[in-house]
Amino acid sequence: MSLTRRQVTTAALAAVPLAVAATGPATAASPQGRPRGRTLYIAGDSTAAQKYADAAPETGWGMALPFFLRERPAVANHAVNGRSSKSFIDEGRLDVILAAIRPGDLLLVQFGHNDSKVADPTRYTEPWTTYQDYLRQYVDGARARGARPVLATSVERRKFDADGKAVGTHGDYPAAVRGLAEEEGVALLDIQALSIALWQELGVEETKKYFNWTDVEQDNTHFNPPGGIAVARMVGAELLRRRVLARRDVRRLDEVIPESWISWPEY
């Protein structure tokens, strides 16, 4: 499958932790010979992905996650719009991560939004069979390289019933992730449960301030800066609660993060 210039550039940059991307490629040791710190790799879809200037104010939660982590682990965000657990692998994107990942690193995996596209055989997976089979490839690949896999359920869309109750949109996919995490002994970040609880707390109108609602678009799947920051805060808090990260690894979990910290590069 051919890749656009943006996709090639994104794949190349994503292999470099954000904390060092401006100064040169990451290496196994620093110039002083000290081992490099841990890196947290993200494999996921558009809800986590880096967005560019032509998509602003759309914001993936992976863009905001570094605000809640200290210098290490650095974040290498490989999430890409429109991908499922299957298509991400079929396009060689997991291979890119596994070529860069090192012992002690983390691989955070969140798919599900696009796995349910029944009409698209390049992306569709069945929750209790092929979906879990593909997710196991991420788990096994990370473990084979001495890295730690972490599974996350998909963040929920903004959807309410006639009574104003937030309702789930992901069918059996979150349950399949929970089941696989238990079976494989993998840390689970239940972002689906946490996000739907937050949307319920905020309500029908207030949630519009967290999603990519603009004068020309009413998007109930993707986030704006407040939404991306809110979900990244959930992820950071869950990484701490599940003891994937220690208190020394996280910061600002109870602080207001200015929207101005979010930026959208040209490419």
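Leaving aside its neighbours within four places in sequence, which residues is Arg242 in contact with? Keep that one in mind. I will come back to it once the sheet is in place.

First, what we are looking at. This is a predicted model. The mean pLDDT of the protein is 89. Of its residues, 87% reach 70 or more. One stretch needs a warning: over residues 1-34 the pLDDT is below 50. That stretch still has 44 contacts in the model beyond near neighbours in sequence. Where pLDDT is low, the predicted coordinates should not be read in detail. Please treat the start of the chain that way.

Now the overall numbers. The protein has 267 residues, and buried ones make up 51% of them. There are eight helices and seven strands. About 12300 Å² is exposed, and carbon and sulfur atoms supply 51% of that area. Next, contacts between residues at least 6 apart in sequence. Of these, 75% join residues at least 24 apart.

On to the sheet. Five strands form an open sheet, and the pairing is parallel. The order is S2-S1-S3-S4-S5. Which strands stand at the edges? They are S2, residues 74-77, and S5, residues 187-189. Each has a single partner strand, so one side of each is left without a neighbour in the sheet. Neighbouring strands are turned against each other by 25° on average, direction ignored.

Let me walk across it, starting at S2. Four bridges join S1 to S2, and the two run parallel. Take Tyr41 as an example: its bridge partner in S2 is Ala76. Are the faces of S2 covered or open? Both faces are covered. Ala74 and Ala76 are buried on one side, and Val75 and Asn77 are buried on the other.

Next, S3 and S4. Four bridges join this parallel pair. Here Leu107 has Pro149 in S4 as its bridge partner. S4 itself is mostly covered, with four of its five residues buried.

Then the other edge. S4, residues 148-152, is joined to S5 by three bridges, again running parallel. Ala152 has its bridge partner in S5, and that partner is Leu189.

What lies across these strands? Helix H8, residues 225-241, lies across S1, S3, S4 and S5. Against S5, the helix runs at about 155°.

That brings me back to Arg242. This residue lies in the segment after H8. Its contacts, leaving aside neighbours within four places in sequence, are Arg148, Ala187, Leu188 and Leu189. Look at Leu189 in particular. Arg242 and Leu189 are 53 residues apart along the chain, yet their C-alpha atoms are separated by 7.6 Å. Is Arg242 buried, then, or exposed, or partly exposed? At 36% relative accessibility, Arg242 counts as partly exposed.

Last topic: charged pairs. How many salt bridges does the count come to? The count is 14. I will show three.

Start with Arg93 and Glu91. They form a salt bridge, with the closest N and O atoms 2.7 Å apart. Arg93 has 8% relative accessibility, so it counts as buried. Glu91, with a relative accessible area of 21%, is partly exposed.

Second, Glu183 and Arg136. Their side chains meet in a salt bridge at 3.0 Å, N to O. This pair links distant parts of the chain, with the two positions 47 residues apart. Glu183 is in helix H6, residues 173-184, and Arg136 is in helix H5, residues 127-144. Glu183 is exposed, with a relative accessible area of 53%. The pair also belongs to a network of salt bridges, which links Asp133, Arg136, Arg143, Glu183 and Glu184.

Third, Glu205 and Lys208. The side chains meet in a salt bridge, 3.0 Å from N to O. Glu205 counts as exposed at 51% relative accessibility. Lys208 counts as partly exposed at 23%.

To recap: an open sheet of five strands in parallel pairing. Helix H8 lies across S1, S3, S4 and S5. Arg242, in the segment after H8, is in contact with residues including Leu189. And keep the caution about residues 1-34, where pLDDT is below 50. Thank you.

Notes
Residues are numbered from 1 along each chain as its sequence is written. This is a predicted model: local features need pLDDT of at least 70, side-chain atom pairs count only at pLDDT 80 or more; totals for chains, interfaces and linings use all residues. Side-chain values use heavy atoms; hydrogens and water are left out. Two strands pair if DSSP finds at least two bridges between them. Axes are lines fitted to C-alpha atoms, for helices over the stretch in contact, and angles run from 0 to 180 degrees between N-to-C directions. Contact means heavy atoms within 4.5 Å. A salt bridge is a side-chain nitrogen of Lys or Arg within 4 Å of a carboxyl oxygen of Asp or Glu. Buried means under 20% relative accessible area, exposed over 50%, partly exposed in between (1.4 Å probe, protein chains only). pLDDT is the predictor's confidence in each residue, from 0 to 100. Accessible areas come from the Shrake-Rupley method with a 1.4 Å probe; for residues, only the protein chains shown count as cover.
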